[in-house]
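This report describes selected features of a predicted model. The sequence and structure are shown first, and the discussion follows.

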Amino acid sequence: MGQSKLRWGILGCAGIAIRSVIPGIQQSQRGVVTAIASRDEAKAKQTAEKLGIPKAYGSYEALLADGDIDAVYIPLPNNMHKEWTIRAAEAGKHVLCEKPFSMDAAEASEMVAACDKHGVKLAEAFMYRHHPRYARIQEIIASGEIGTIRGIHGTFTFNSSANTTNFRNDQAMGGGALYDIGVYPISAARMLLGREPEAATVHAFFSPEHGGVDMMASGLLEFSGGVALTFDCAMWAAGRNTLEVLGTEGRIELPSAFVCSTDAPSVFYVTVKGNRREEQLEPVNQYSLQSDEMAAAVLDGAPARFAPNDAVLNMRVLDACLESARTRSRISIPNG
């Protein structure tokens, strides 16, 4: 394309976009935020002025029609991801879609097919995967230092129970803890193990005060070889976001596994035969790194580390988790 910068449009003024993704793109090496859209034009203009974004639109359609935009970031409610990913692809825009990717694996497959048909790049916005600490963790696992992996345990919890009007409390919009944050430990286990789970068993607390969505869920994913991910996620519990990888000879502990400071070093711990050491990586903005990887794929044709179909596979697992929680049964996960 002969460009040094990927020109982004933002579909919506969601909190995650304003707090993290837009600043991350603006601080990246190869991204620039060109425009933002909202169905409330005044809100779009106010957000654009606050964040130094040149253009503001009062509709998503208008932003997609802008020829100065190469890629869009979609932080809309979950039930809108499929429609606007497909519409963006039809407009020739590359897409970074917020997690959870869609409402189910069938929708995810349609999104991938549409982007493939129109020749645009598509990625799910799991920002944590782009942090270099995960490459280091994979390196430690591959070295055999902690032995054979026997299990993984992940947590991601926070307390937003007072905000009962949030879309996360609406089942029709894809609300609930599994959709919102359970997807993180699920994707992390799949990435670190390099294979797909075979079955899911999940127990959840469905809150009548919050639209009947799962405000807390605890799960078990079965992988081949007797390996399992155990996890919990919550929108009505004290805050945690941790990951532990347990091996036959040692373990890796991440005290801040999915969200971390951009100003302080990232720290995790490796314990082998009773000896515990600290691994420290320099501060980075994982949202900026996510943006730069998208820019490399679009502008340079670099291969994506995470193929779009990964999002389909992650949604397949989430589908099984939700079915298990609702039926209180063990659900097999098809991997064909």
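## Glu 196 and its surroundings

The side chain of Glu 196 forms a polar contact of 2.8 Å with the side chain of Arg 190. Glu 196 is located in the loop between α7 and β8 (199-206). When neighbours within four places in sequence are set aside, the contacts of Glu 196 are Arg 190, Phe 223, Leu 313, Val 317 and Asn 335.

## The largest pocket

The largest pocket holds about 780 Å³ of space. Its lining comprises 37 residues, and those closest to the pocket centre are Ala 14, Gly 15, Ile 16, Phe 167 and Arg 168. Sorted by class, the lining of this pocket consists of 19 nonpolar, 10 polar and 8 charged residues.

Three elements, α1 (15-26), β7 (149-159) and α7 (177-193), each contribute at least two residues to the lining of the largest pocket. The greatest contribution is that of α1, with 4 residues.

## The second largest pocket

For the second largest pocket, the computed volume is about 330 Å³. Twenty residues line this pocket, and Leu 122, Ala 123, Ala 304, Arg 305 and Phe 306 lie nearest its centre. Two or more lining residues are supplied by each of β6 (122-125), α8 (286-300) and α9 (309-327).

Helix α8 provides the largest share of this lining, 4 residues. By class, the second largest pocket is lined by 12 nonpolar, 2 polar and 6 charged residues.

## Helix α8

The length of α8 agrees with expectation, because 15 residues at 1.5 Å a residue should span 21 Å and the end C-alpha atoms of the helix are 20 Å apart. At the start of α8, a side-chain oxygen of Asn 285 comes to within 2.9 Å of the backbone nitrogen of Tyr 287. After the helix comes Gly 301, which has a positive phi, near 75°.

Most of α8 is covered, with 12 of its 15 residues buried. Among the buried residues are Gln 286, Tyr 287, Gln 290, Asp 292, Met 294 and Val 298. The elements that cover the buried residues of α8 include β1 (6-11), α1, β2 (31-37), β5 (94-98), β6 and α6 (132-143). Helix α1 thus appears both in the cover of α8 and in the lining of the largest pocket.

## His 130 beside α8

His 130 occupies a position in the loop between β6 and α6. Its relative accessibility is 11%, and His 130 therefore counts as buried, the cut-off being under 20%.

The side chain of His 130 is joined to that of Glu 293 by a polar contact of 3.3 Å. Beyond its neighbours within four places in sequence, His 130 is in contact with Gln 286, Leu 289, Gln 290, Glu 293, Arg 305 and Phe 306. Of these contacts, Arg 305 and Phe 306 are also among the residues nearest the centre of the second largest pocket, while Gln 286 and Gln 290 are among the buried residues of α8.

## Helix α5

Helix α5 (residues 105-117) likewise has the expected length, because its 13 residues at 1.5 Å a residue should span 18 Å and its end C-alpha atoms are 18 Å apart. The N-terminal end of α5 is capped by Asp 104, a side-chain oxygen of which lies 3.2 Å from the backbone nitrogen of Ala 106. Just after the helix, Gly 119 adopts a positive phi of about 70°.

The buried residues of α5 are Ala 105, Glu 107, Ala 108, Met 111, Val 112, Ala 114 and Cys 115. Regular spacing in such a list can be read against helix geometry: an α-helix has 3.6 residues a turn, so residues three or four places apart point the same way. The cover over the buried residues of α5 includes α4, β5, β6 and α9.

## Gly 92

Gly 92 is placed in the loop between α4 (81-90) and β5. With a relative accessibility of 41%, Gly 92 counts as partly exposed.

Not counting residues up to four places away in sequence, Gly 92 touches Asp 70 and Val 120. The C-alpha atom of Gly 92 is separated by 27 Å from that of Gly 174, a residue 82 residues away along the chain.

Definitions and conventions. Residues numbered from 1 in each chain as written. Predicted model: local features only at pLDDT ≥ 70, side-chain atom pairs only at ≥ 80, totals over all residues. Heavy atoms only, no water. 1 Å grid on protein atoms, 1.4 Å probe; cavity = no way out; pocket = protein on both sides within 12 Å on 5 of 7 lines; lining within 4 Å. Points joined across faces, edges and corners; volume = space filled by probe spheres on them. Nonpolar A, V, L, I, M, F, W, Y, C, P; charged D, E, K, R; others polar. Expected span 1.5 Å × (residues − 1). Buried < 20%, exposed > 50% of the residue type's maximum accessible area, 1.4 Å probe, protein only. Contact = heavy atoms within 4.5 Å. Polar contact = N/O pair within 3.5 Å; in protein donor to acceptor, adjacent residues only side chain to side chain.
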